[in-house]
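User: I would like a close look at one part of this protein and how that part fits into the rest of the fold. Please take a single helix and work outward.

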Amino acid sequence: MDKQAVEQKQKNNPSAKAAFDAVKVLSLGGSEDVTRNMYLYEYNDEILIVDCGLGFPDETMLGVDLLLPDISYLLDVVKSGKKKIVGMVLTHGHEDHIGGIPFILPQLPRFPVYASPLTAALANEKLLDFGFPASIKTVKFTDGDIKLGHF
């Protein structure tokens with residue numbers, strides 16, 4: 001729905017504004033188990049990604065080396081131009097939160113990625129190991145707030 005249609009709908013139905021302004025939370029991994037953590041927070045046409053982890057297969061998954069979040073939805077909405085990624089935040093440096101970075105970031109358009117100093121160092125080293133430039137920005141707790149789009 002384009003902006004004009006949304007505005008007209010809001011004029012005709014004031015409760016429609018509340019639905020359009022809602023934050024939508026999606027789990028692309030990590031909700032059924034403790035691996036592959038990746039969450040999307042959507043607000044209007046903006047997406048904030050939290051974490052980008054991987055998981056390890058169990059003994060029944062012969063031939064599988066790693067488990068990654070399913071980013072097909074993310075690829076669809078970004079490539080269609082319906083939504084844009086305003087950034088990513090990494091919560092901490094465990095593999096189930098940063099391990100998917102070298103596999104997933106190259107598939108997405110460029111956007112800022114932030115983490116605490118230790119987490120940023122671990123994620124940047126992982127990117128370098130895979131031949132990608134270190135691009136995770138460091139944020140200290142004393143830096144104050146960071147604004148990523150509306151987030």
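Analyst: What follows starts at helix 3, then moves to the sheet, the cores and a second site around P102.

The model is predicted, and every value below is computed from it. The protein chain contains 6 helices and 6 strands, in the sequence order α-α-β-β-β-α-β-α-α-β-α-β. Of its 151 residues, 38% count as buried. Taking contacts between residues at least 6 apart in sequence, 55% join residues at least 24 apart. The accessible surface comes to about 9,100 Å², and carbon and sulfur atoms hold 56% of that area.

Helix 3 covers residues 72-79, and its buried residues are L74, L75, V77 and V78. An α-helix has 3.6 residues a turn, so residues three or four places apart point the same way. Within helix 3, the buried set includes L74 and V78 as well as L75. What covers these buried residues includes strand 1 (23-29), strand 2 (38-43), strand 3 (46-50) and strand 4 (84-89). The helix lies across those four strands: strand 1, strand 2, strand 3 and strand 4. Against strand 2, helix 3 runs at about 35°. After the helix comes G81, which has a positive phi, near 85°.

The strands under discussion belong to an open sheet of 6 strands, ordered 1-2-3-4-5-6, with mixed pairing. Strand 1 and strand 6 (136-138) are the edges, each pairing on one side only. On average, neighbouring strands of the sheet are turned by 25° against each other, direction ignored. Strand 3 and strand 4 pair in the parallel sense, over 5 bridges. V50 has V89 of strand 4 as its bridge partner. Further along the order, helix 6 (residues 117-129) lies across strand 5 (113-115) and strand 6, and runs at about 160° to strand 6.

Next, the packing. In soluble globular proteins, nonpolar side chains tend to be buried together. Here the largest nonpolar core has 26 residues, and those with the most contacts inside it are M38, I49, L74, M88, L90, I101 and I136. Two or more residues of this core come from each of strand 2, strand 3, helix 3, strand 4, helix 5 (101-104), strand 5 and helix 6. Helix 3 gives the most, with 4 residues. Another core, of 5 residues, lies apart from it and has L48, Y114, V139 and L148 among its members.

M88 shows how these parts meet. Not counting residues up to four places away in sequence, M88 touches M38, L48, I49, D51, C52, I101, L105, F111, P112, V113 and Y114. M88 and I101 are both among the residues with the most contacts inside the largest core.

That leads to helix 5, where P102 is found. Is P102 buried or exposed? P102 counts as buried because its relative accessibility is 4%, and the cut-off for buried is under 20%. Leaving aside neighbours within four places in sequence, P102 is in contact with K126, L127, F130 and F132. K126 and L127 fall within helix 6, which spans residues 117-129. The C-alpha atoms of P102 and D129 are separated by 8.8 Å, although these residues stand 27 apart along the chain.

To return to the starting point, helix 3 lies across strand 1, strand 2, strand 3 and strand 4, and contributes the most residues to the largest nonpolar core.

Key:
Residues are numbered from 1 along each chain as its sequence is written. This is a predicted model: local features need pLDDT of at least 70, side-chain atom pairs count only at pLDDT 80 or more; totals for chains, interfaces and linings use all residues. Side-chain values use heavy atoms; hydrogens and water are left out. Buried means under 20% relative accessible area, exposed over 50%, partly exposed in between (1.4 Å probe, protein chains only). Contact means heavy atoms within 4.5 Å. Accessible areas come from the Shrake-Rupley method with a 1.4 Å probe; for residues, only the protein chains shown count as cover. Two strands pair if DSSP finds at least two bridges between them. Axes are lines fitted to C-alpha atoms, for helices over the stretch in contact, and angles run from 0 to 180 degrees between N-to-C directions. A nonpolar core is a set of buried Ala, Val, Leu, Ile, Met, Phe, Trp, Tyr and Cys residues joined through side-chain atoms within 4.5 Å.
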